[in-house]
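This briefing addresses two topics: a pocket and a strand with its pairing partners. Please consult the sequence and the structure shown here.

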Amino acid sequence: MHAAYYVFENEKSAANNDWKSSKNYLDINGAWKFKYVDSPADLPKEFEKSNFNDQSWDNFKIPASWDVNGYGYPVYVNTTYDFDYLMAPNPPFVPTKFNPTGVYRREVTIDKSWEGKDIFLHVGAAKSNLTVWVNGVYVGYGEDGKLPSEFNLNKYVKTGKNTIVLQVMKWNDGSYLECQDMWRMSGITRDSYLVARNKTHLKDYEIIPDLDPSYVNGSLKISTEFSNLNQKDNYTLEVQLKDGDKIITSKVISALSEKQTFDFAVNNPKKWSAEIPNLYQVSFLLKDKKGTLIEVINQNVGFRKVEIKGGQLLVNGKAIYIKGVNRHEVDPVTGQTISRERMEQDIKIMKEFNINAVRMSHYPNDEYIYELCDKYGIYVVDEANIESHGMGYDITKTLGNKPDWELAHLQRMQRMVERDKNHTSIIIWSMGNEAGNGYNFYRGYLWIKNRDKSRPIQYERATAGAWDGKDLKYEWNSDIIDPMYSSPDKMEEYILANPNPSRPYILCEYAHAMGNSMGNFKDYWDIIRKYPNLQGGFIWDMIDQSVYKTTADGTRILAYGGDFGPKDMKNDNNFVNNGVFTVEREPNPHAFEVRNVYQNILTTWENKETATIKVYNEFSFKDLSNVSLHWELILDGKEVESGVIDNLEIKSNESKSYKLPVNLDGKQFQEAFINLTYHIKQDEPFLPKDFQIATDQLAFKGSWKNDIKIEGGSKIMVEKKEKSTVFKSDKTEIAFDKKTGFISGYSFQNQPIIKEGYQLRPNLWRAPNDNDFGAYLQEKLKAWKDATENPMLVNWAYTVSKDNKISVTATYDLPQVASKLVLNYELSGSGELSVKEQINIDKAKEQPMLPRFGMEIIVPKDFNNMSYYGRGPHENYIDRNYSSQVGLYNQTVSEQYYPYIRPQETGNKTDVRWLELSNDKLKLTVKSDDLLSITALHYLNEDLDDGLKKDQRHAAELKERDLTSLKIDYKQMGVGGIDSWQAWPMEKYLLKDKIYQYQFKITPSLK
């Protein structure tokens, strides 16, 4: 393996940097004749021969994933092998009777101008292996489904027509090292081509940037390796270092040797970081003895230095934060074949959402994305294509500790390092993921350390102690403590037990973003920002991995594990969907929390009384000269003053204070906030002028209070019917069901409020989100679902007051949870309704915690307009509302539903002061003397609730009901955000008290 590069015939072509338009390349992407069979044994005889008749074969393209193009089907399993339903894992053996195999055949024409040159076949990536024949003759074999294979074809090709045959199998022995948590797909998935090289050519090169001890002056150590060097030919190599079009320094080597090393020294070069990705270009120009230019290779390079000192990861001498994501190569249409446009889109959304780092989980990516990370500034952890999760981690079983697997492990690490060594953005090598530890990883660590001393190495399974907390221990073969899924509390426990670590702590995976998730993300970063040796982490993960599928009835769904293949096909369901962003790279609701928490400008009060704010610049290298601050004074949700501070001359990692010229004199209000947004003044890479890069909301003065007293009004008549007790006035009618004790009818001015057939009922349950399922809360908390559905009415009574108010008290037993529930209603002839709900859980009995505490009213569907004063505009929860600012929002009920790929709890809004829900004729105003949690949907709980087991449902299959469900809650527990297989939400976001009570008032009015 050599460094990734393209070679061009002249400088103009090299500057254009399009290999497809160079005469050195023959593009073999596109249509091939293709034969797909269930096993290699089913292939026709002599398929590799030039004269084989392939006319009846299909046409299929390179690059493409088989499984989303009708050849086989995608299989999703997480920790197991996708063939273990056919045989128990038994390395190196894989199934033989069923091992889908594809053969590609194509005729290519070699131009006469390529005569006498070295001709190479480059296949970008073939999963899981590759066998090559040219003109009927066997050429070679390759493994590693995420790195290229190259073959010298000199002995096999001729000028004119040539037949190339490629065979790819679904499984081979290397599949034991490719057990990643992703769709298991096959095919040739990256660009492929033939390339012609001058006999004497630059085969490989390495450029190692460095900075002096004061991080001012720079150097490049450049090593070159030539092939077919004949001293008589008198080739020369000119090496230029350019800044744009300007040559900074250059060197001409006239007496070439096979390998040589030299240095460029540069005084005070512009440095590279993810914040300011300054790049220079090194050009290699090979000339013959007449001075004719033969080949040109350009390589971007940045001056930067990566070190670990004092237990911190440093870039250019400064500690950095890793505000990262894990990213799989995934596309909802093309599977694991990724276009350049998709890669550019991914970098763009990283920049937009303050993400500064990516872990190539869990394999080397397409070469192009590293170019983008170099150019636009993203820190990269490059990871070897090694995961043997299905073998387990036991030291006696893991392939990581079996010496006969040493070469298989080492070659995957070595080939990654050799291909990617010249990318400035790569600041850390990773030896793989979830593949145990042992001899092969010790050997790998030592090899990489010896090969590249300029970068640290991490490996997540180099653990020797507990999973997390104070007993977390790491072996010597990881320069970074990089665990997975520690909770914020356990991170703090670790750092307090290890106050002077020699290695930085950077989570390789955290904040599992599955479904409605990423609660407590702000808590993670409160801890990270508190301790210098905690330097961030990589969210799992960036993109939901579902692919599109059209069902039998024509519905286009986002499919996940279990949606393809036979019904009994082993799968891990929707665990494939853990994205901050959707399959189409739109933000999931929790993406806004990521953007806000990851932002690099933090605002706090310096002195609230004098309206003086403190602005902290968390960038490690960038000052805020390109940033303006916009502030607004918000009184009771409305902007009354605003201003701009145009010059923020704040250096990196420094603060400044600013007194805002706010004036509250003579202004009537209950509460005041200061909203702050930070915008760039000039374009930055992928970010246009005026783009908002940070925001904060600071509570300034006062607090909101509602008066929820009910005033008596016109006289109320009481009518006792067979099934209900009805309270009537000239404006309103409210009926209580005698059997349940609940309000079953509610109208105002002859307009219905409660939809016929429904009741205003207590609601103590939520449709489980994916984190709830992971922690088995759908089972552990089910008693609250049963209690919600089957409360036992114990007593119901009403009284009439002198001022024409009706008070109703209904008492319920909830035997499922050893609790008493009391509902106190107050109603007046004006139509106002006050509800007070109280629950008493028996302290003497062990009961599961409450998922939510509130009430639900079902109203007609045309109540679709929703205005509220609370947190928004996007969905938010008690453990995920830092990015949701308090404000006045006008929305529709339809907008409240978010189509999580597997339907689940959605649409909540926290800290609601008041809500107005309306149709064309009526407006319902809801207020409390406390802050409410509100959800309004055109769905019922049961539409979003899979029950005890996940039920293979999809958002696209749900249809809005002819109703509006309004949930008026005191609180709902947090959504969680540590992991999706055992963790609960953090303690402070749980409902564990034994007594809860709250009240609210509904006021109907004509519009």
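Why is strand β52 (residues 852-859) described as largely enclosed by the rest of the structure? In this predicted model, 8 of the 8 residues of β52 are buried, so the strand is largely enclosed by its surroundings in the structure. The points below set out β52 and its pairing, followed by the second largest pocket.

**Burial of β52**
- Both faces of β52 are covered.
- On one side, the buried residues are R852, G854, E856 and I858.
- On the other side, F853, M855, I857 and V859 are likewise buried.

**Strand pairing of β52**
- β52 pairs with strand β47 (residues 761-763) in the antiparallel sense, over 3 bridges.
- Within this pairing, M855 in β52 has P762 standing opposite.
- Strand β57 (residues 964-972) also pairs with β52 in the antiparallel sense, over 8 bridges.
- Here K967 in β57 stands opposite E856, a residue that is buried on one side of β52.

**Second largest pocket**
- The volume of the second largest pocket is about 750 Å³.
- Its lining comprises 32 residues, of which N78, D572, F575, S980 and W981 are the closest to the centre of the pocket.
- Two or more lining residues come from each of the elements α9 (770-774) and α10 (777-780).
- The greatest contribution to this lining is that of α9, with 3 residues.
- By residue class, the lining divides into 11 nonpolar, 12 polar and 9 charged residues.

Notes
Residues are numbered from 1 along each chain as its sequence is written. This is a predicted model: local features need pLDDT of at least 70, side-chain atom pairs count only at pLDDT 80 or more; totals for chains, interfaces and linings use all residues. Side-chain values use heavy atoms; hydrogens and water are left out. On a 1 Å grid over the protein atoms alone, a cavity is a set of points where a 1.4 Å probe fits but cannot get out, and a pocket is an open set with protein on both sides within 12 Å along at least five of seven lines; lining residues have an atom within 4 Å of a point. Grid points are joined across faces, edges and corners, and a volume is the space filled by probe spheres set on the points. Helices (H or I, at least four residues) and strands (E, at least two) are DSSP runs, numbered from the N terminus. Ala, Val, Leu, Ile, Met, Phe, Trp, Tyr, Cys and Pro count as nonpolar, Asp, Glu, Lys and Arg as charged, and the others, Gly among them, as polar. Buried means under 20% relative accessible area, exposed over 50%, partly exposed in between (1.4 Å probe, protein chains only). Two strands pair if DSSP finds at least two bridges between them.
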